[in-house]
Structure formats: C-alpha cells, structure tokens
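Subject: Structure handover

Hello,

Here is the structure I said I would pass on. My notes on what was found in it follow below the files.

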There are 2 protein chains.
Amino acid sequence: MNVHSDGEAEKSMAKLEKRDEIVRAALELIAEHGFHGAPMAMIAEKAGVGAGTIYRYFENKDVLINELYRDLEERLCAVLMEGYSSEQPVRERFIHLGTAILRYCISNPLDFRFLEQFHNSPYGVVHRRDKLFGKTDQKDVYRELFEEGLVQHVVKQLPMVVLFALAFGPLITVARDHILGFVVLDEALIGQAIAACWDGLKR
Amino acid sequence: MNVHSDGEAEKSMAKLEKRDEIVRAALELIAEHGFHGAPMAMIAEKAGVGAGTIYRYFENKDVLINELYRDLEERLCAVLMEGYSSEQPVRERFIHLGTAILRYCISNPLDFRFLEQFHNSPYGVVHRRDKLFGKTDQKDVYRELFEEGLVQHVVKQLPMVVLFALAFGPLITVARDHILGFVVLDEALIGQAIAACWDGLKR
DNA sequence: ACCATCAGAATGAACGTTCATTCCTTTTAG
DNA sequence: CTAAAAGGAATGAACGTTCATTCTGATGGT
C-alpha cells in the first residue's frame, strides 16, 4: 500500500499510525477532561476515524485505556533507565531517578495527568495490587534501589511501601502543582525538592 | 400513629436525620465505588428514601457532593485543631498535625477515600485553586506553621507549595496504602513516617 | 371526640440525555 | 471482483432529574 509514500497526510494512515492516532486522541481527552469527558465518539472525532473503527483496534474502552496505560508506562520506564547505572551509590541513583521522573512529568503534562486519572480509578487499584505481588516494572528499579539502601544502612529502616511514599509522594504532588500552575518548577527547584526527599529517606 | 415520639426506628425520621442519611449513603457509596458507582437511585435506596426525595434536600448531585465535602472538611479541621497550640515549637506542632491527620484517615477510611476522589475530580481542582488564593481553612494552619518555620530558619527555604508537597505527599500516600491494605500502620510506624517527613522539611 | 380539609413532604415511574457498542453500508486495496 | 477495513446511524442501557400522585399529620368546625 501507499505506493507513493508521501503526501496524503489526511487519508490512508498505515494501520499502526491509525492505532496511534486513536491512542493519542484518548490520551489528550482523558488527560484534559477526565475519564468521563472522553466519550468514544469524541475520541473517534479527534483521531479522525469513525466511531466504529476504534473497535477494530480495541475490543472495548477498557482495553483501549489499559493499552494506553501500558504504552505510557513503557515510555516512562525507558526515560527513567536512560543513563541509569546500578554501579553508582544509592543516593546518586535516587537523584537520577527522581530528576528523570520530575522532568518527564513536566515536559509531558498530558501523560502525567492521564497517569494520575488512571491511578485514581478502579483500574488503578487493581493494577497496583497486582504489581505489589507480581510483575516486573518501573517500581522494581526503585524496589531494588531501596533494598540496597536498606542493607547498606543508608536509608531508614522502614517498610518498602513507606519508603515509596516518602520518595514518590512529594514528587507526584509537586509535579501536579506545577502542571496545575500552582508553582513553577525550574531546574534549581527540582534539584532542591529531590534533595529534600532524600533527606526524608536517608538514615 | 406515633403519638409518643420514641420507637419506630424505621419510619418517620426527623428532617435533619433524613438529610444526614442521604449524606451518609452518598459518602459510603462514593468512597467505596467512586463517583460513578454511586447513582442517585442507589444513594436513595441506601438512605432509605425515594429517589425524588433527595432533591428536596439538595438541588442536584453536584450540590450534594459539595455539601458532603464541606461536612467532612469541617470534621477533619476540628480533629486537627484538637489539642493544637501555637505556643509549641514548630517541629512539635508539625508532628501533632501530622499524627492527627494520619490517625483520622486511618480510623475514618470512608472519609479519606471520599476526600481523595473529590480532590481528583473537576470539583477538587477548582476548590484547590480557590483555596490557594482565597479562603480560610485547614491549610491555613499549615501555611501559618510553615511561614513561622521559614522565618525561624527551621524549615528549608522553599516555596510554600513545595513545603506542602513534602509534608502532605508522603502522608496521603501512606494513608492510602494503609487503607488499601498494602501496609499496616501502627502507632510506631505513624511516628516514624511523620518524623521522616520532618527530616525532609527541616533545614 | 370525630372527621373533613389541607399543606407540604415523600414517592417512584417516566422522561430526555448521554454513552458504549453494534451492525449494516460504503469505500478501499489487491 | 472480492474481501477486508472504515464509517456512522441505530440501538439499548444507564443515568440525573422531574412531576403528577400519594401519604401523613395538623387544624378547625361540628
């Protein structure tokens, strides 16, 4: 298909392009207007496809949303691991990850807003429960890091979940505040915020 | 019937009782199943009133939800201020407030879950925006506290919003994890978690 | 003491709207 | 020409809200 590959921006997207358009449209609408401000018909319109077409790519809305979530998780994970080295000391690694997360959220506000919506929804709780007992993921990098911090006695002797809370809680909160316009995070502030988180964590 | 006012637990609630039943039912359903697992018909059933009756007490669902929020905010605020004294040092006051919040969330999981839902919704953002620029509320206690901490040079020189994030972020996260059953917070852990938050905050 | 009348509280079936999903038609690619 | 893909109107379920009706308890006339 597409014997002449250029031109034709509107019509005839390749199959993957179309799937991506749908996913992107869903991301934008859900991030901006919440799960319930994103009806399938509107997603279809924004993606430039018919309403029924979505169902050729996704069994139903739940599946679409879950696949979108997986996509984002994967992207975020990739960003986090970029330049990450298990050789460095625990503190440096924590700061690397924290900075990467914060930068990512700030430069991809739509992703961040969607992830927040997702986590505060029936989907999110199920997903989280699974994660704490099963799969491999972003959090495993953190889990590894904190476990190492524990045996080296550089972080406080607290349950893993509490360490997560001390590390993520402020980062997520501050990212949300930045995106909602309640504060402007520049590089200096990002550094200070993450250093403060480390102060909470360190023994 | 009912010549004598006692007995008859089922029938004939006083007007305020009925309002409270509706609010309580809404709280339970929204806390447990989210905003969208709480249709008016179900709230009515749980409250033991007819669907139309709700509209004699609340103009519409939005109003019901906002009044519920105000009720909870008021209760929480009262709990926070119980035994609070502006005379004590900043650190002690922070620990008092943190402990009170955490204890409240743990012993009132429905309230906590509802408040979380509320904050992650169109309602919540509007409300927050208003707060940062206008009204008197719970957060003002914190604001006062942090401002005093700043001038006394006992907390880090950071924007108010970032201080909020460092203080609340972990507390909320850890409360959520407790309620979802990912960790069991006892008094010892509560104390350690709050102390860790303070480590993040203090200069 | 009795009952007729009445006000307003309560009710829940019915309505209109919104939405996810389906299904049949049209378009496109090979 | 055929089969797959795309389209979008039709469908039916779920929801918030309304409103004509019923219920209840108080009032006052006899």
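To start at the DNA: a polar side-chain atom of Lys61(A) sits 2.2 Å from a phosphate oxygen of DNA strand C. Please keep in mind that this is a predicted model, and every value below is computed from it.

DNA strand C

Tyr55(A) also makes a polar contact with strand C, with a polar side-chain atom 3.0 Å from a phosphate oxygen. From the other chain, Tyr57(B) places a polar side-chain atom 2.9 Å from a phosphate oxygen of DNA strand C. In total, 17 residues surround this strand, and the closest are Met40(A), Lys61(A), Gly50(B), Thr53(B) and Arg56(B). Of the atoms of strand C that come within 4 Å of the protein, sugar and phosphate make up 70%. Helix α3 of chain A and helix α3 (54-57) of chain B each supply at least two residues of the surface near DNA strand C. Sorted by class, that surface holds eight nonpolar, five polar and four charged residues.

DNA strand D

Strand D has 16 residues around it, of which Gly50(A), Thr53(A), Met40(B), Tyr55(B) and Lys61(B) come nearest. Gly50(A) uses its backbone here: an N or O atom of that backbone lies 2.8 Å from a phosphate oxygen of DNA strand D. Two other residues of chain A reach phosphate oxygens of this strand through polar side-chain atoms, Tyr57(A) at 3.0 Å and Lys18(A) at 3.4 Å. For strand D, 71% of the atoms within 4 Å of the protein belong to sugar or phosphate, and the rest belong to bases.

In chain A, α1 (15-33) and α3 (51-57) each supply at least two residues of the surface near DNA strand D. The most comes from α3(A), which gives five residues. By class, the residues of this surface divide into six nonpolar, six polar and four charged.

Chain A overall

Chain A has ten helices and zero strands. Its C-alpha trace spans about 60 × 35 × 35 Å along the principal axes. Of its 203 residues, 46% count as buried. Taking contacts in chain A between residues at least 6 apart in sequence, 68% join residues at least 24 apart.

The nonpolar core

Nonpolar side chains tend to be buried together in soluble globular proteins. In this model the largest nonpolar core has 138 residues, and the members that touch the most others are Phe94(A), Phe114(A), Phe94(B) and Phe114(B). Leaving out residues up to four places away in sequence, Phe94(A) touches Tyr142(A), Leu145(A), Phe146(A), Ala167(A), Ile194(A), Cys197(A), Trp198(A) and Leu201(A).

Two buried residues of chain B

Leu166(B) is found in helix α9 (residues 160-179) of chain B. It counts as buried because its relative accessibility is 5%, under the 20% cut-off. Apart from neighbours within four places in sequence, Leu166(B) is in contact with residues of both chains: Pro170(A), Ala193(A), Ala196(A) and Cys197(A) on one side of the list, and Leu158(B), Cys197(B), Gly200(B) and Leu201(B) on the other. Tyr57(B), already mentioned for its contact with strand C, is 109 residues from Leu166(B) along the chain, and the C-alpha atoms of the two are separated by 40 Å.

Arg93(B) belongs to helix α5 (residues 90-107) of chain B. This arginine is buried, with a relative accessible area of 1%. Beyond its neighbours up to four places away in sequence, Arg93(B) touches Tyr84(B), Ser85(B), Ser86(B), Gln88(B), Leu145(B) and Glu148(B).

Cysteines

How many disulfides are there over all chains? The count comes to zero. A disulfide is a covalent bond between the sulfur atoms of two cysteines. Cys77(B) cannot form one in this model because the closest cysteine sulfur, in Cys105(B), is 14 Å from its own, too far for a bond. Cys105(B) is in no disulfide either, with the nearest cysteine sulfur, that of Cys197(B), 13 Å away. As to their surroundings, Cys77(B) is partly exposed at 24% relative accessible area, whereas Cys105(B) is buried at 8%.

Regards

Definitions and conventions:
Residues numbered from 1 in each chain as written. Chains lettered and ligands numbered in written order. Predicted model: local features only at pLDDT ≥ 70, side-chain atom pairs only at ≥ 80, totals over all residues. Heavy atoms only, no water. Near = heavy atom within 4 Å. Polar contact = N/O pair within 3.5 Å; in protein donor to acceptor, adjacent residues only side chain to side chain. Helix = DSSP H or I, 4+ residues; strand = E, 2+ residues; numbered from the N terminus. Nonpolar A, V, L, I, M, F, W, Y, C, P; charged D, E, K, R; others polar. Disulfide = S-S within 2.5 Å. Buried < 20%, exposed > 50% of the residue type's maximum accessible area, 1.4 Å probe, protein only. Core = buried A, V, L, I, M, F, W, Y, C linked by side-chain atoms within 4.5 Å. Contact = heavy atoms within 4.5 Å.
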